[in-house]
Amino acid sequence: MNILNFFEETVQRFPQKTAIAYKEISYSFSDLSHQAKCLAERILQASQTGKPVGVFVNRGADTAGVLFLAVLYSGNYYIPIDPDMPSAKISSILTDAEPSVILCGEENKPVLEEIHYSGTIYTLDDRSSEECLVCESIDVDSPAYMVYTSGSTGKPKGVLKSHGAVISFIMAYSSYFHLGSDEIIGNQTPFFFDASAKDLYLMMYTGATLEVLPSEMFIFPVTLIEYMNERKVSYVCWVPTALAIVTQMNTFKKVLPETLKKVFFVGEVFPTKQLHKWLTTLPDIQYVNLYGSSELAGICCYYEIPDADHQPDILPIGKPLPNCKVLLLRDGVFINPKESIPSEGEDAGIGEICVIGDSLALEYFHDPEKTAKTFTALTLPDGTKVRALMTGDLARYDAEGNLVFVSRKDFQIKHMGRRIELGEIESVA
């Protein structure tokens, strides 16, 4: 099974339903499938299957809709690229991945000329007049996409995700939180961020509509909420910074979300004061703190906030989704959440978060040493041997058995949802 299998099932169920929209531009599920297949025909003319294809990400329905899907239909995997990154960093990514094809808008071509890219460049206007056949050689272990994160040595590192990892996550996520075809997803996260994949694959799997919210509206939260009401947005998964802007500017005194039912957040700590304003103003909404890693296809832990009266001072990252196990490892020993913290020190109950399950990434691209260090073979207490992700995040258990994030093993920090390696800044300096 692969991602396209469940997307084609969705196309059959909801052919004329809006799949993705941005301002006045929208695609039905049938249109999205057809347009992507037509562009996939062009990709196959210039690339073998199973290869990387760069996609310059512009805000809108075309990038996440047609371009990403076209790459998947061609049997290749896509690399989302932020066109506003310094040209040297774009050049570094392309040198490492060596994509023979890049999909972009006309406005992005000068960047490729500046870095002397010599491969094939396609835009939406280069679509074939006919659909291509769906590649039949895609299985659960085939790569679907690769994101580049910051690296401690100053060189970005590619994290490769498989079709199977995406399927494992999105099926568990949508089922557990009852996310179905009636949802209207309000997308805030740019599509070159790994966290945006949740929105895209929820649309493809459930038949929900993905509303790409204009980025300029986040400067004017009143306009943003009015737009969300107009588009009947029911679910959002944003970085806390974006949610905090809404309350910091006293937006709720002027307009309230009318259709919003689920507010999820991920990527950084939600300021307690701003979260409390959401909870007290809109108490009937479901609020969920999510935790994950770029080395996963999605998230692995969640914590649902009961209500404003029971808002903890420090939000836990919670408990694992049904599709994975999340354990704490300290000095080679798994920490039991039911046991009290030993008396030898207040940090004795702190361990590294390790994740076991089908949603783990395949590898770090062209870096077997880093892959072997991060994706480790572990033996569980029952003797089972598993492949585990060592996240580098340190956590402890609270009295309810929830995981609570404490710190990092290294010098990585988070800012507005971005992973930043301080070593990368140091190496440049």
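## Close-up views

**View A. Tyr176 at 36% relative accessible area.** With that value, Tyr176 counts as partly exposed, a label for anything between buried (under 20% relative accessible area) and exposed (over 50%), using a 1.4 Å probe and protein chains only. Heads-up before the rest: this is a predicted model, where local features need pLDDT of at least 70, side-chain atom pairs count only at pLDDT 80 or more, and totals for chains, interfaces and linings use all residues. Residues are numbered from 1 along each chain as its sequence is written, and side-chain values use heavy atoms, with hydrogens and water left out.

The structure has 18 aromatic pairs, meaning Phe, Tyr or Trp rings (for Trp, the six-membered one) with centres within 6.5 Å; planes under 30 degrees apart are stacked, over 60 edge-to-face, and the rest tilted. Tyr176 and Phe177 make one of the edge-to-face kind, 5.1 Å centre to centre with 85° between the planes. Phe177 is buried, at 3% relative accessibility. Both rings belong to one aromatic cluster, together with Phe169, Tyr173, Tyr235, Phe264 and Tyr302.

**View B. The largest nonpolar core and Leu103.** A nonpolar core here is a set of buried Ala, Val, Leu, Ile, Met, Phe, Trp, Tyr and Cys residues joined through side-chain atoms within 4.5 Å. This one has 89 residues, and Leu103, Tyr173 and Tyr201 touch the most other members. Helix α3 (residues 61-73) chips in the most, with 10 residues; helices (H or I, at least four residues) and strands (E, at least two) are DSSP runs numbered from the N terminus. Apart from this core sits another, of 32 residues, including Tyr227, Val239, Val263 and Phe270. Back at Leu103, look for contacts (heavy atoms within 4.5 Å) with Leu39, Ile43, Val53, Gly54, Val55, Phe56, Leu67, Val71 and Tyr122, leaving aside neighbours within four places in sequence.

**View C. Helix α3, a mostly covered helix.** Of its 13 residues, 12 are buried, among them Ala61, Gly65, Leu69 and Tyr73. The end C-alpha atoms of α3 lie 17 Å apart, which agrees with the 18 Å expected for 13 residues at 1.5 Å a residue; that expected span is 1.5 Å times one less than the number of residues. Just after α3, Gly75 adopts a positive phi of about 85°.

**View D. Cys104 and Asn108 in the loop after β5.** Cys104 is in the loop between β5 and α5, and Asn108 is found there too, with β5 covering 101-103 and α5 covering 109-114. Cys104 is buried, at 4% relative accessible area, and Asn108 is buried with 4% as well. Setting aside neighbours within four places in sequence, Cys104 contacts Phe56, Lys109, Leu112, Ile121, Tyr122 and Thr123. With those neighbours likewise left out, Asn108 contacts Phe56, Asn58 and Pro83.

**View E. Gln311 and its partner His276.** Gln311 is in the loop between β14 (299-304) and β15 (319-320). At 14% relative accessibility, Gln311 counts as buried. A polar contact of 2.9 Å links its side chain to that of His276; such a contact is a pair of N or O atoms within 3.5 Å where, within protein, one must be able to donate a hydrogen and the other to accept it, and residues adjacent in sequence count only if both atoms are side-chain atoms. Gln311 also touches Thr272, Leu275 and Leu279, not counting residues up to four places away in sequence.
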